[in-house]
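Visitor: Please take a close look at the ligand site in this model. I would like the contacts there described, and then the parts of the chain around them.

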Amino acid sequence: MRIVIDTEMKSLKVESQTGERDIDLFTNEAFELISSLWVRIGWNQKYQYTFTWLGRPIIQLPEDVMRVQEVIYHLKPNVIIETGIAHGGSLILWACLCKAMNKGRVIGVDIEIRPHNRKAIEEHELSPWITLIEGDSTDSAILERIVSMINADDIVLVILDSNHTKHHVLAELDAYHKIITPGSYIVATDGIMQGLYDVPRGQPAWINDNPTEAAIEFAQSHPDFVIEQPSWVFNESDLNKNITHWPGAWLRKIR
Ligand SMILES: C[S@@+](CC[C@H](N)C(=O)[O-])C[C@H]1O[C@@H](n2cnc3c(N)ncnc32)[C@H](O)[C@@H]1O
């Protein structure tokens, strides 16, 4: 695809295999096209590796952080489980919301919690809200441990941000979907990989091997889940699509 932006003429020309189109620059369509390119270039330039939350690195696109915050405030979960801890910034963020709402706690699972990250998380002001578990997120013993920490009437939200191969995400979906509360979500993050197969830091295999594919396959065999972007709580625009690293990520349990 070839995109030509003319700021003088306030227009955008799109040339693709299907033909050529001129779009006004100040339209939702132009914004969405430019945003999707911005997200791909930003991912390659490691924009998501430039943020912290209350002192800990958080490897997320800020747009996704805003959207998940909206979901957490609306849902008010008792337990937020995240696979993939890394430096702990996302766990600190969820814990921050739990403290502010005076409800909820956080369980983080990682195959390797590096000693300096564990120390920093355990010494953090928000550590009382966080339980760290080291191990493979799909290990049945790890899942059993997590299940033993959840009460029957808890509202449970699960965010999958560990190994993003389709195979691993499918195994996580299979393992964790049973503990999702109706109305809550299991979130298969980082499906952006699907659109990164041709960027310099991407891999050709990602076009099929990605979390979005896992979510689609999972939803097809689990009719009690639907892939559904959470509705925006506040919207005084005509826009309606997330700018995101998590396309097709939100699997809502409908019953
Ligand atoms: C993208 S990082 C997580 C980023 C973090 N959620 C954040 O927002 O800052 C992915 C993490 O997944 C962990 N990981 C990879 N494979 C895993 C597995 N099989 N089980 C659990 N964690 C895994 C890695 O060790 C790494 O720390």
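Guide: In this predicted model, a polar side-chain atom of D136 is 3.3 Å from a nitrogen atom of the ligand. H168 also places a polar side-chain atom by a ligand nitrogen atom, at 3.5 Å. With G84 the contact comes from the backbone: a polar backbone atom of G84 is 2.8 Å from a nitrogen atom of the ligand. The ligand on its own would expose 600 Å², and the protein buries 84% of that area.

The shell around the ligand holds 17 residues, and the closest are I59, Q60, G84, D110 and D161. By type, the shell consists of 5 nonpolar, 8 polar and 4 charged residues.

Two of the closest residues, I59 and Q60, lead to Q48. Q48 is in contact with both I59 and Q60, and sits in the loop between α1 and β4. Beyond its neighbours within four places in sequence, the contacts of Q48 also include G42, W43, I58, L61, R201 and H245. Q48 has a relative accessible area of 4%, under the 20% cut-off, and therefore counts as buried. A polar atom of the Q48 side chain lies 3.4 Å from the backbone oxygen of W43.

W43 belongs to helix α1, where it is one of the buried residues, together with A30, L33, S35, V39, G42 and N44. The buried residues of α1 pack against three strands, β1 (2-6), β2 (11-16) and β3 (19-24). Helix α1 covers residues 28-44; its 17 residues should span 24 Å at 1.5 Å a residue, and because the end C-alpha atoms are 24 Å apart, the expected and modelled lengths agree. After α1 comes K46, with a positive phi near 65°.

The next helix is α2, residues 62-75. Its 14 residues reach 20 Å from the first C-alpha to the last, close to the 20 Å expected at 1.5 Å a residue. The buried residues in α2 are D64, V65, V68, E70, V71, I72 and L75. They pack against the strands β4 (52-53), β6 (79-83), β9 (156-160), β10 (185-188) and β12 (250-253), and against helix α3 (89-101). K76 follows α2, and its phi is positive, near 50°.

To return to the ligand, its nitrogen contacts include the side chains of D136 and H168 and the backbone of G84.

Definitions and conventions. Residues are numbered from 1 along each chain as its sequence is written. This is a predicted model: local features need pLDDT of at least 70, side-chain atom pairs count only at pLDDT 80 or more; totals for chains, interfaces and linings use all residues. Side-chain values use heavy atoms; hydrogens and water are left out. Helices (H or I, at least four residues) and strands (E, at least two) are DSSP runs, numbered from the N terminus. The expected span of a helix is 1.5 Å times one less than its number of residues. Buried means under 20% relative accessible area, exposed over 50%, partly exposed in between (1.4 Å probe, protein chains only). Contact means heavy atoms within 4.5 Å. A residue is near a molecule or strand if one of its heavy atoms lies within 4 Å of it. A polar contact is a pair of N or O atoms within 3.5 Å; within protein, one must be able to donate a hydrogen and the other to accept it, and residues adjacent in sequence count only if both atoms are side-chain atoms. Accessible areas come from the Shrake-Rupley method with a 1.4 Å probe; for residues, only the protein chains shown count as cover. Ala, Val, Leu, Ile, Met, Phe, Trp, Tyr, Cys and Pro count as nonpolar, Asp, Glu, Lys and Arg as charged, and the others, Gly among them, as polar.
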